[in-house]
Structures are given as C-alpha cells and as structure tokens.
Amino acid sequence: MDEIFGIPAPLLFGQLLLGLINGAFYALLSLGLAVIFGMLNVINFTHGAQFMMGAFVAWMLLNWAGLGYWWALLLAPVLVGLTGVLIERTMISRLYKLDHLYGLLLTFGVGLVIEGVFRNEFGSSGMPYRIPAELQGSWDLGFMFMPIYRGWVVVVAIVMCLATWLVIEKTKIGSYLRAATENPALVQAFGINVPRMMTLTYGAGVALAAFAGVLAAPIYSVNPQMGANLIIIVFAVVVIGGMGSILGSVVTGFALGVIEGLTKVFWPEASSTVIFVVMAIVLLTRPAGLFGRA
Amino acid sequence: MADQLAELPLAATDGTAPLLRVKGLEAWYGESHVLHGVDIEIREGEVVTLLGRNGAGKTSTLRAIMGLVGRRSGSVHYAGRELIGARPDEIARAGIAYCPEERGIFASLTVYENLMLPPEVRPGGLPVDEIYKMFPNLKERTRSPGTKLSGGEQQMLAIGRILRTGAKLLLLDEPSEGLAPVIVQQIGRTIRELKQRGFTVLLVEQNFRFAQTVADRHYVMEHGRVVDAVRNEEMAGAMERLHEYLGV
C-alpha cells in the first residue's frame, strides 16, 4: 500500500482528493450554467463573478455583521441570487429575442464590471476566511490524512447536485422547467408565467454559484479573481458534458477534476492543459458533448 | 366584403352574448401580415370549425387568439373580458385552452407529467379518471416518455391534458391530421362527448367531411379573413361553394 504504479500512495490519494474538490466546484458551477442555459438559452459568463460574490458576501457577513459560515451558506446564495434576479429583469430579459451572442456579450461585460468593482474596493491580494470550528482538523484514514473541511465540500457538492437533479426530474416545478426548455411558448399558453420562471431560474442558477463561492471561501483565498480563474475550466467542462445537460455537467465536473488531479501525479506539466485536450477530443468526436442531445 | 359578412349566419342573433367574440383580428409574424381582420363569434356549448386551404390563416387565427403571434390587433373578447392586450398565460388563465397542430407533447416528460402539466385555471375541469376513461390507452402508458406514444395516442394526450384545467373554450388545431380512420372516428366521438359535457370548441380542419360529423357551424377562411359561414344542417346545399373555396 506504499506505492501504486511507482507513485507514493499518499501523493496519489492526496491529488485524487484535490481532484475531487476541484471537481466538486466544476460540477456545482457547470450545473448552474446548465440550468440557466437550458431555460434561458443564455450562456452566463457572469457565473464566475457570481461565484466570487458568494465568497465575498460570506466574508462581509463575518467581518461586518458577525455572521459565521453557516449563516453565510444560507444567506449568501439568497443575496447574490437576488442580484441575479435584478440583472435578469433589467438586462438579460431584453435580449431573449436576439442572437445568443448578445446574451454572451452582456453577461461577459457584467462579469467584468462586477470583478472590477470588487478589485477597486478590496484590492487583488485576497483575504483569508477561516474554516468553521466544527469542520477543522482532519481524519486519519490510515493511508492519508483527510482534512474534514475538504471531505465536507465533496459531500455537500454531491448532495446539492443530487438535490438539484431531483427537483428538476421529479417535481412539478421541474416538469414546468423541462417543458419550458423544450417549448416555452406552449408552456406559457397553458397558463404558466414563463417570463417569471426564467427570472427565478436565473436567480436559482446564480444562487448555486454563490453557494459554491461560500464553500470555496475557506479553501481558496477570497479575492476578486477567484471566479475568473475557475470559470474558464468550467466552460470547458460544460462543453465536454454537453450544453444544457444536468447529468452531463455533474458527471463531467467530477470526472475532469479527478483526471486533472491524476495528471498532476503522472505528468505534472500537462495538468493545466489536460482538460482542454479532452475538450478538443470530445468536440472532434461528439460535437454535442458527451451527454448532449445533438 | 362588408355586405357579404353582414349576411353571414352568425350565431349570436338570439340576444345572448357569445362566449368568444373575435372582431377585426389582425396578426403579424415579424414583417409578414398573416391575418387581415378576422371576425368570429362562438356561443357557449357550440362546436365551430374553421375551414380553408393551407395558408388561409386558420392556425394563425388560433395562435392569435392565444396571443402566440409576434403582434396582433383588433379585439378578442372572451367571457366578458377583452384579451387583446393580455399575455398567453393570462389568456389561458381566463379559461381558453389550446391544442397545437404539432400536438406539443414534451419528450422530456412522461405521459403522466404531460397530462398533469397544464395548471388548473379554474374549478370544474375533468378529473384524471374521466380522462383515462375517454382515452384508456393513456392509462397503460403513464410512465413512458410522451413522445414514445403513437401519433393517435399523442393526439389523445394533447387533448386530454387540456380537459383537466377547467378551461371552457378549447382551441383544437387539426386533431384528425395524419391519423388512421379508426382514430379519426375516435377523435370525432371525443369531440361530440366534449360538447355534451358543455365544452365549447373552435376546431381547425382541412377535412370538411370530418368537420361535418362534429360541428354546429363552419367558418371558411381565405387570405387571412373569414369569407363565408355555413350552418352544419345547410352543408349539403353549400357543397358547391365549399368545393370552390377548398379546391377539393
């Protein structure tokens, strides 16, 4: 149990865990993107900034209002989700009748503005956010030490993905969402307020990004760039999984996190490019993505 | 044209207000002007068809009543309310239900989810059991994806799901299209049963032999207007005229 394929076991498992953690964030973020894209047909380039806002709201709640991690986990998604509702109502909703490209440009621009504002206010060096007392320390798994907080992130991300999937596949609201993804006009002609549904869906997708941001705050430092760094990879994940596919984004998110982690062990130089290589291969062989409907 | 329309045997001559009164309805898809002033009246409990060739504006009329066109003007008066400025969901909530020509069965929903999708807009819709009684095939397939049904079953599902909602006026767009004669007969029986249950139906049809078996009155459309109206009992005498309009 000391070495596997000539690699020290603790190193291998350490990278595997790191891969799972990154995968958890890829999955949560691409899940939100998939939900938004399915319903609104908008590729939400503000997603990274909204992830970052989640982390910052957690930091503000702690330092300005004295509300800790657990409150942040609850409040930050709600607050950032509300800003999403505002953005959808005032800006994105005006672009539905135009080409995809306009929604993409708008959300990209809004993301840059938000990141700029935070950089102006807080600088770019980053601020620490402590792991909550309940989740400090680590477990001795025998072959490696597992920081409790990291295990918690992976478990919570899986639970969140599962919950989102359940809501979409098994509930009444979810059936409205799936139907409106296929044929919004007809769903509206049945008496469902589709424009309002779109607003709430965008808000929910943004809330999911903010939730991931709170989870990330104790792991990465809270800084205005934290979303921008991650979001490029997340878009690659979305393309690989298939635009708009819920299951695809979750499975691909975790899988690519692990692939990236393992590449760090076996061929460290390739670890930052492996996801894009996978993307190129998938695009060449299955242009609609692994789980996408062509 | 105005003289001709004045002589049309519109239903609401007995003093009661019609359930639906469409007046001067015009509609556009983008730049193309598809309806040029449609006038229709339907009393509660009537089954009325829109006949006409392809492209005469029958489907556009139903879609314009539902608010599903780019732009519309004129008047759509339903159950005492003017709906010309309303959104499609508000029109549905007023009590009008729409079954599109392409049926609109959702592939990502099961048969049961498709059936339960339209929300109840007012009390008095048919219970699900009654709908299963009308369309026993649906009951056996509740868990299949909606689009795995046969064409006839999909049509039954498309009609069945709007009976639950409590809407009183049903807009049906060519329910007989592309179906085997046996299924067309079943759809015909269903429409007659719906009439007995007090539903009001506006039906788009190409097939006027079928229309004759279910309807009280017929409007004929040409170039985005209603150009003629015939009571069902006068159909025999009007055949020559109808053949000319419909080119059959």
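The following questions and answers go through a predicted two-chain model, its core, helix packing and selected residues.

Trainee: How are residues, chains and ligands numbered or lettered, and which pLDDT limits apply to this predicted model?
Mentor: Residues count from 1 along each chain as its sequence is written, while chains are lettered from A and ligands numbered from 1 in the order in which they are written. The model is predicted, and totals for chains, interfaces and linings use all residues, whereas side-chain atom pairs count only at pLDDT 80 or more and local features need pLDDT of at least 70.

Trainee: Which helix gives the largest share of the largest nonpolar core?
Mentor: A nonpolar core is a set of buried Ala, Val, Leu, Ile, Met, Phe, Trp, Tyr and Cys residues joined through C-beta atoms within 7 Å. The largest one has 157 residues, and A210(A), I96(B), L170(B) and L171(B) have the most contacts inside it. Its largest share is 17 residues, from residues 9-40 of chain A, a helix (a DSSP run of H or I, at least four residues; strands are runs of E, at least two; both numbered from the N terminus). That helix is α1 of chain A.

Trainee: Which residues does L171(B) contact, leaving aside neighbours within four places in sequence?
Mentor: Two residues are in contact if their C-beta atoms, placed from the backbone, lie within 7 Å. L171(B) is among the residues with the most contacts inside the core. Beyond its sequence neighbours, L171(B) touches L62(B), I65(B), M66(B), I96(B), A97(B), Y98(B), C99(B) and L202(B).

Trainee: Are α1(A) and α10(A) roughly parallel or roughly antiparallel?
Mentor: Axes are lines fitted to C-alpha atoms, for helices over the stretch in contact, and angles run from 0 to 180 degrees between N-to-C directions. For α1(A) and α10(A), residues 246-266, the angle is about 150 degrees and the axes are 6 Å apart. Angles under 35 degrees count as roughly parallel, over 145 as roughly antiparallel, 65 to 115 as roughly perpendicular and the rest as oblique. The pair is therefore roughly antiparallel.

Trainee: What is the handedness of the crossing of α1(A) and α5(A)?
Mentor: The axes of α1(A) and α5(A), residues 148-170, come within 9 Å and cross at roughly 30 degrees, so the two helices are roughly parallel. A crossing is left-handed if the near helix is turned anticlockwise from the far one by less than a right angle, and right-handed if clockwise. The crossing of α1(A) and α5(A) is left-handed.

Trainee: How many nonpolar, polar and charged residues are in the contact of α2(A) with α9(A)?
Mentor: Helix α2(A), residues 47-65, packs against α9(A), residues 226-241, at about 140 degrees with the axes 8 Å apart, which makes the pair oblique. Residues of the contact include F51(A) and M52(A) of α2(A), and L230(A) and I231(A) of α9(A). Ala, Val, Leu, Ile, Met, Phe, Trp, Tyr, Cys and Pro count as nonpolar, Asp, Glu, Lys and Arg as charged, and the others, Gly among them, as polar. The contact has eight nonpolar, three polar and no charged residues.

Trainee: Is R103(B) buried or exposed?
Mentor: R103(B) sits in the loop between β6 (96-99) and α4 (111-116) of chain B, and its phi is positive, about 75 degrees, although R103(B) is not a glycine. A residue is buried if 20 or more other C-beta atoms lie within 10 Å of its own, exposed if 12 or fewer, and partly exposed in between, with C-beta atoms placed from the backbone. R103(B) has 22 such neighbours, so it is buried.

Trainee: Which residues does T59(B) contact, leaving aside neighbours within four places in sequence?
Mentor: T59(B) lies in helix α2 (residues 58-66) of chain B and is buried, with 20 other C-beta atoms within 10 Å. T59(B) and V204(B) are 145 residues apart in sequence, yet 6.9 Å apart in space, C-alpha to C-alpha. Apart from its sequence neighbours, T59(B) is in contact with E101(B), D173(B) and V204(B).

Trainee: Which helices of chain A each supply at least two residues of the side that touches chain B?
Mentor: In all, 14 residues of chain A are in contact with 18 residues of chain B. The chain A side has seven nonpolar, five polar and two charged residues. The helices that each supply at least two residues of that side are α6 (172-182) and α7 (184-189).
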